[in-house]
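Work through the short exercises below. Try each task before you read its solution.

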Amino acid sequence: MKWLVLLGLLTSSECIVILPLTKVKTMRKTLSEKNMLNNFLKEQAYRLSQISSRGSNITIHPLRNIMDMVYVGKITIGTPPQEFQVVFDTGSSELWVPSVFCPSSACSTHIRFRHLESSTSGLTQKTFSITYGSGSTKGFLAYDTVRIGDLLSTDQEFGLSMEEHGFEDLPFDGVLGLNYPDMSFITTIPIFDNLKNQGAFSEPVFAFYLGKVKGSVVMFGGVDHTYYKGELNWVPLIQAGEWSLHMDRISMKRKVIACSGGCEAFYDTGTSLILGPRRLVNNIQKLIGATPQGSEHYISCFAVISLPSIIFTINGINIPVPARAYIHKDSRGHCYPTFKENTVSTSTETWILGDVFLRLYFSVFDRGNDRIGLAQV
């Protein structure tokens with residue numbers, strides 16, 4: 001069984017726009033999985049490193065790795081708290097979960113928020129409509145207390161979906177956006193900014209460890225150095241307002257195979273794979289020996305042994321992605337490259353670096369200095 005998650009917006013017709021959720025052909029074939037995260041991991045951070053002041057607190061929040069294709073974590077909304085599994089997504093800015101009044105089949109397979117059962121809940125007259133590559137959702141905005149581990153955001157506005165299409169059987173209830181407020185098209189404060197304004201942490205940073213050695217986590221308010229090796233390499237954003245970097249080139253065997261004149265790379269924890277322009281992705285498929293079968297490309301699982309790493313050079317730093325990372329084996333024993341066409345057209349060459357890439361490197365998203373830090377895990 002092969003599926004992926006790509007949180008990437010296509011169009012929006014009303015007042016909310018969420019940039020990253022998209023779907024490929026096989027997304028509807030995902031495993032139907034609704035296991036809640038029973039062991040709530042809460043670690044005391046060790047010495048803070050690089051950007052956190054001595055004595056400040058870090059909230060380390062557990063994420064569940066589902067088939068190396070999506071990472072979900074638990075949040076609660078309301079009083080008393082109602083639990084939801086969400087994708088912590090650096091490609092979008094809004095938080096939304098299903099409403100109890102949503103009759104769609106997609107909503108019926110997920111946890112739905114019961115706002116009438118929360119003493120701190122309130123409704124607004126704002127509505128939203130979002131269309132993704134993976135489907136669509138629409139509904140209204142509410143506000144309530146939202147908790148991420150020991151972080152608490154009061155009077156947090158969020159979306160309640162009244163209609164969903166394309167999200168049936170996916171292993172998460174909603175999305176928690178961690179992009180800049182500039183990427184939101186509504187006059188509301190994203191949860192990270194709300195937490196920052198309410199003094200929940202001293203440093204406006206968050207970081208992801210999407211690994212297999214330790215349990216995957218997202219951390220807020222600082223950096224725990226025990227999750228990575230060596231030093232953080234800091235890369236400035238192309239512009240403040242979205243998590244995108246300038247990439248110098250993509251190469252293999254010392255030959256440039258994409259991004260020859262430089263290009264833009266988005267760091268997107270809500271995307272499973274690595275996405276790029278069709279022509280360049282098809283060229284990479286040919287170079288590694290992948291063969292098309294219908295709309296998909298497949299490759300021999302034995303190729304992992306012999307294929308070279310593909311090097312992503314960002315800000316002069318060579319970041320190798322080995323074949324064991326860019327070739328994925330699904331539950332049926334089939335192997336396929338983790339490069340896909342980016343269906344959203346752009347005027348310049350753009351790549352989206354999803355979990356396949358981010359899993360190899362500890363990533364720090366520094367809102368205070370508009371930069372991303374990378375380190376080996």
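**Exercise 1.** Find the ring that lies under the charged end of R371.

Solution. The model is predicted. Start at the charged end of R371: the ring of W234 is beneath it. The distance to the ring centre is 3.7 Å. Next, look at R367, which lies over the face of Y180. Here the distance from the ring centre is 4.5 Å.

**Exercise 2.** Classify the ring pair F206 and W243, and place both residues in the chain.

Solution. Take the centres of the two rings: they are 5.8 Å apart. Now take the planes: they meet at 90°, so the pair is edge-to-face. The cut-off for that class is over 60 degrees. Then locate the residues. F206 belongs to strand 12 (residues 205-209). W243 is in the loop between strand 14 (229-236) and strand 15 (244-252). They are 37 residues apart, and the pair links distant parts of the chain. Check burial too. F206 has a relative accessible area of 0% and W243 one of 2%; both count as buried. Finally, widen the view. F206 and W243 join one aromatic cluster, whose members include F88, Y180 and F365. The whole structure has 20 aromatic pairs.

**Exercise 3.** Work out how the buried residues of helix 3 are arranged around its axis.

Solution. List the buried residues in helix 3 (residues 278-287): L280, V281, I284 and Q285. Look down the axis: they fall within an arc of 145°, so they line one face of the helix. Residues three or four places apart point the same way, because an α-helix has 3.6 residues a turn. Turn to the other side: R278, R279 and K286 are exposed there. Step just past the helix: G289 has a positive phi of about 85°.

Note on methods: Residues are numbered from 1 along each chain as its sequence is written. This is a predicted model: local features need pLDDT of at least 70, side-chain atom pairs count only at pLDDT 80 or more; totals for chains, interfaces and linings use all residues. Side-chain values use heavy atoms; hydrogens and water are left out. Rings of Phe, Tyr and Trp (its six-membered ring) pair if their centres lie within 6.5 Å; planes under 30 degrees apart count as stacked, over 60 as edge-to-face and the rest as tilted. Helices (H or I, at least four residues) and strands (E, at least two) are DSSP runs, numbered from the N terminus. Buried means under 20% relative accessible area, exposed over 50%, partly exposed in between (1.4 Å probe, protein chains only). A charge sits over a ring if NZ of Lys or CZ of Arg is within 6 Å of the ring centre and within 35 degrees of the ring normal. The arc is that of the directions from the helix axis to the C-beta atoms.
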